[in-house]
Amino acid sequence: MKLPRHAFFGGRVVPYAEAKVGVLTHALNYGTGVFAGLRGYWNTEEEELFLFRPSDHFQRFLESAKLLGMELAFTGEDLVSAALELLRTEAYREDCYLRPLAFYADEAIGVRLHGLTPQVSIVAFPYGQYLPDEEAVHATISSWRRVDDNMIPARGKIVGSYVNSALAKTDAQRSGFDEAIVLNADGHVCEGSAENLFLVRNGAVVTPPVTDNILEGITRRTAIELLADGLKLDVVERPIDRTEIYLASEAFFTGTGVQVAAITRVDHRPIGTGTIGPVARDLRRLYFDTVRGKRPEYRKWCWPVYAGERDLASPASPGGGGEKPHLRVAR
Ligand SMILES: Cc1ncc(COP(=O)(O)O)c(C=O)c1O
């Protein structure tokens, strides 16, 4: 991967090479950090980069930090502003990915969460697909179980808990699958290693509830709204048994990385016809139009990166939006 040229670090945008930590850093030793992952989508016709749902991503980022008792020096608005400033500095004219990180930065030994000082960084880099074929994913049910709310809170994006995801993902890929589906400690279907999961069963779209140790995905929330309001489908949040996957007519993952990806086989069993189904296909079409700012009714989620700089008074948003695109960062 080509390294970015800049990072938001120490409250300002600096050359990437200056965003460094020591090997004793608490988060590096004990996993005491939280992170987020956002995408920016380039819209060729408008020559604009749209950052997708940044206020929601940073809200969850702050909630994850709260779970670790972190008191950050930034509000959600500050962080959105920092992300926009970073993107303008990088001047990307292509799809990209942002990685905000808040971590206990003390160079100190001792497992704990108190008496430590958090630091925030954000980097952004060009990015394409996360999975090789988003229309034909072959997944496996992992033998690893998802972390539990009473182990490491699963609803937070906590650095240390991603060892759980990494164990599942590596086993799946080494066995020839594209992705893992992880069950929770109860044996119910939870999610992928880095994505939420939906099934289509008996005409309804079902997905596990937030109390089943899923990460509370922003794309999951987007998909629920697009499915219900855009595609007029019934969406039900309920626990899902493993064997319901085998009987589903469709299955798909959602996530910032994976976007919307059809799961067409699980452990060599075809899901439905074994090819992408109509719900996943329609949702993918609507999702990609939405994230690129092409759907006025969902333009509220798309924050123009360069319009905010060109003309603060009029964000490039035919659909309105109402969210302020450009805010100053507290230093
Ligand atoms: C474990 C896990 N579940 C689900 C998701 C999807 O979340 P989001 O849609 O907010 O990217 C992610 C992605 O970051 C993840 O890491």
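## A buried alanine in helix H4

Ala172 counts as buried, because its relative accessibility is 2%. This residue belongs to a model that is predicted, and the description that follows should be read with that in mind. Ala172 has its place in helix H4, which covers residues 162-174.

Leaving aside residues up to four places away in sequence, Ala172 touches Thr140, Phe177, Glu179 and Ala180. For one of these partners, Thr140, the separation from Ala172 is 32 residues along the sequence, while the distance in space is 6.4 Å from C-alpha to C-alpha.

## Glu191 and its polar partners

Strand S10, made up of residues 189-192, contains Glu191. Is Glu191 buried or exposed? Its relative accessibility is 4%, and buried means under 20%, so Glu191 counts as buried.

The side chain of Glu191 takes part in a polar contact of 3.1 Å with the side chain of Arg146, and in another of 2.9 Å with the side chain of Asn196. Both Arg146 and Asn196 also appear in the list of residues that Glu191 touches once those up to four places away in sequence are set aside, and the rest of that list consists of Ala180, Ile181, Val182, Leu197, Ile214 and Leu215. Ala180 is likewise one of the residues touched by Ala172 of helix H4.

## The second largest cavity

The structure holds three cavities of 30 Å³ or more, and the second largest cavity contains about 50 Å³ of space. Its lining is formed by Arg39, Tyr41, Phe52, His57, Ile218, Thr219, Thr222, Thr256 and Tyr287. Two elements, strand S4 (38-43) and helix H5 (218-230), give two or more residues each to this lining.

Which element provides the largest share of the lining of the second largest cavity? Helix H5 does, with three residues. Sorted by class, the lining of this cavity has four nonpolar residues, four polar residues and one charged residue.

## Helix H7

Helix H7 runs through residues 278-291 and has 14 residues, and the distance from its first C-alpha to its last is 20 Å, which is close to the 20 Å expected at 1.5 Å a residue. The buried residues of H7 are Val279, Ala280, Leu283, Arg284, Leu286, Tyr287, Phe288, Thr290 and Val291. Tyr287, buried in this helix, is also among the residues that line the second largest cavity. After H7 comes Gly293, whose phi is positive, near 80°.

## Two exposed loop residues

Thr273 is located in the loop that lies between strand S16 (269-270) and H7. With a relative accessibility of 67%, and with exposed meaning over 50%, Thr273 counts as exposed. The side chain of Thr273 is joined to that of Thr275 by a polar contact of 2.8 Å. Thr273 and Glu250 are separated by 23 residues in sequence, and their C-alpha atoms are 8.4 Å apart in space.

Asn202 is placed in another loop, the one between strand S11 (196-201) and strand S12 (204-207). Because its relative accessibility is 74%, Asn202 counts as exposed as well. Between Asn202 and Tyr127 there are 36 Å in space, taken from C-alpha to C-alpha, and the two residues are 75 residues apart in sequence.

Terms used
Residues are numbered from 1 along each chain as its sequence is written. This is a predicted model: local features need pLDDT of at least 70, side-chain atom pairs count only at pLDDT 80 or more; totals for chains, interfaces and linings use all residues. Side-chain values use heavy atoms; hydrogens and water are left out. Helices (H or I, at least four residues) and strands (E, at least two) are DSSP runs, numbered from the N terminus. Buried means under 20% relative accessible area, exposed over 50%, partly exposed in between (1.4 Å probe, protein chains only). A polar contact is a pair of N or O atoms within 3.5 Å; within protein, one must be able to donate a hydrogen and the other to accept it, and residues adjacent in sequence count only if both atoms are side-chain atoms. Contact means heavy atoms within 4.5 Å. On a 1 Å grid over the protein atoms alone, a cavity is a set of points where a 1.4 Å probe fits but cannot get out, and a pocket is an open set with protein on both sides within 12 Å along at least five of seven lines; lining residues have an atom within 4 Å of a point. Grid points are joined across faces, edges and corners, and a volume is the space filled by probe spheres set on the points. Ala, Val, Leu, Ile, Met, Phe, Trp, Tyr, Cys and Pro count as nonpolar, Asp, Glu, Lys and Arg as charged, and the others, Gly among them, as polar. The expected span of a helix is 1.5 Å times one less than its number of residues.
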